[in-house]
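Here is a short, friendly tour of one protein model, meant to be read with the structure open beside you. Please have your viewer ready.

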Amino acid sequence: MTAPTADRPVQLARYSNALTGLAAGDAWGYQVEFSSYASMPAYPVPAPAGEWIISDDTQMTLALHDALTEVADFDDIEAVTAAIVRHFTLWKLDPDNNRAPGRTCMGSLSNLSAGARWYDQDGAHESAGCGAVMRLVPAAFAPEPYWRGLTALQAVITHKHPRAIVPALLLADAVRHAPERRGRFLEHALTEAERIFDGVSEWLTDPYLADVLAPYRGDVSSVLVEGLNDDVVDILVAAAETLDRLALVDTTEYGDPCTGIGEGWESASAIALGLLVADLATLPENRQISSGNNWGGPQALAWAATSNGDSDSIACIAGALIGAAQTTPDYWRLAGLAPRFEPRYAAAIESASCCLPGDSVVR
């Protein structure tokens, strides 16, 4: 079901804030995506001057939105898969797809376009790259009981690996529950990991998630546990330790976000870094030990972009989470940030912000 009528304006505001934050972080980080921390033009990197140029992160997010808003029946997993593959393929062939698209996404979609299914040996690549997570916001806003399965599905269509599936689910969970988990995103991710290990997570008995993953592996538990054991928990713990350390110092002393965590080129470190940045940007006042660590969204995007790793993906994930935590409209404008996106993408973001994934689902 979609959100109840009374809740719908709040959900639309959150979705709009998430999409805007994602695109803003993407454009901010895209300026320096392949630059080392030592060669940054400034610390932090300033916001783009003139038009804000987005990358494949925002393009694929909008493609996923279009796919999920055209599907009439999420229970028809084959139809949902076909819609996502079709829109991702349209992105692949778009002349605007010249912004360093991920090789895994491009290769997997080439295989699927040639007739392979994502779970075939010659289908989606066995990869844990961050392409599985940077685009998932629309799936996180899909209705119950579908959002977990849709999150996994959009991941495995190009990234068929437990280390991609699990981070995608953890990030989608954070985005979906952002207002109540703000400032504690990493804590909740680690709590869910513990629940999975203990066999009490409701993810383990989610029938739609099980149906999505059945062609890949019949046992959801083995997928989730394998993904967590593949350094995902260790990376989340490292990010949580960094959060505790940074909460004690002034923002001017933060340095490279990637230090001790990873560079965000793969799913686990990408979400850990995004959760870290979002935690610091939404830290409740009673947890702000240093008076100099209470900056908000725009400052968080600047820090996320000033990284030694996949700057656009780190910043877009952080921007999506920070935006999703805000329940009132126009958060970014009220926070002092008014990105001027390219006309094509400004219109697409505005259009997407007007409807939630699942609005067209037959009930």
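The report below looks at a helix and its neighbours, then at a second helix pair, and ends with some backbone details. Please keep in mind that this is a predicted model.

**Helix H14 and its surroundings**

A good place to begin is helix H14, which covers residues 311-324. Its 14 residues reach 20 Å from the first C-alpha to the last, close to the 20 Å expected at 1.5 Å a residue. Burial is the next thing to look at: 14 of the 14 residues of H14 are buried, so the helix is largely enclosed by the rest of the structure.

One of the residues in H14 is Gly319. Its relative accessible area is 0%, so Gly319 counts as buried, the cut-off being under 20%. Which residues does Gly319 touch, not counting those up to four places away in sequence? They are Asn17, Ala18, Gly21, Leu22, Leu301 and Trp332. For a distance to check in your viewer, try Gly319 and Ala281: they are 38 residues apart along the chain, and their C-alpha atoms are separated by 9.8 Å.

**Two helix pairs**

Helix H12 (residues 267-281) and H14 have axes that come within 8 Å and cross at roughly 45 degrees. The two helices are therefore oblique to each other, and their crossing is right-handed. On the H12 side, the residues that meet H14 are Ala270, Ile271, Leu273, Gly274, Leu275, Val277, Ala278 and Ala281. Their partners in H14 are Ile314, Ile317, Ala318, Leu321 and Ile322. Sorted by class, this contact of H12 with H14 has 12 nonpolar residues, 1 polar residue and no charged residues.

The second pair is H1 (8-30) and helix H13 (residues 297-305). The axes of H1 and H13 come within 9 Å and cross at roughly 40 degrees. H1 and H13 are therefore oblique to each other, with H1 passing H13 in a right-handed crossing. From H1, the contact is made by Gly21, Ala24, Gly25, Trp28 and Gly29, and from H13 by Pro298, Leu301, Ala302 and Ala305. By class, the contact of H1 with H13 has 6 nonpolar, 3 polar and no charged residues. Two of these residues appeared earlier: Gly21 and Leu301 are among those that Gly319 touches.

**Backbone details in the loops**

Most residues other than glycine have a negative phi, and most peptide bonds are trans. The table lists places in this model to inspect with that in mind.

| Site | Backbone feature | Value |
|---|---|---|
| Tyr43 and Pro44 | cis peptide bond | omega about 5 degrees |
| Glu144 to Pro145 | cis peptide bond | omega near 0 degrees |
| Ala100 | positive phi | phi about 55 degrees |
| Asp330 | positive phi | phi about 60 degrees |

Where do these sites sit? Pro44 lies in the loop between helix H1 (8-30) and helix H2 (56-70). Pro145 has its place in the loop between helix H5 (137-140) and helix H6 (147-156).

Ala100 is found in the loop between helix H3 (77-93) and helix H4 (103-113). At 35% relative accessibility, Ala100 counts as partly exposed. Asp330 belongs to the loop between H14 and helix H15 (331-334), and it is partly exposed as well, with a relative accessible area of 42%.

Definitions and conventions:
Residues numbered from 1 in each chain as written. Predicted model: local features only at pLDDT ≥ 70, side-chain atom pairs only at ≥ 80, totals over all residues. Heavy atoms only, no water. Helix = DSSP H or I, 4+ residues; strand = E, 2+ residues; numbered from the N terminus. Expected span 1.5 Å × (residues − 1). Buried < 20%, exposed > 50% of the residue type's maximum accessible area, 1.4 Å probe, protein only. Axes fitted to C-alpha atoms, helices over the stretch in contact; angles between N-to-C directions. Parallel < 35°, antiparallel > 145°, perpendicular 65-115°, else oblique. Left-handed = near helix turned anticlockwise from the far one by under 90°. Contact = heavy atoms within 4.5 Å. Nonpolar A, V, L, I, M, F, W, Y, C, P; charged D, E, K, R; others polar.
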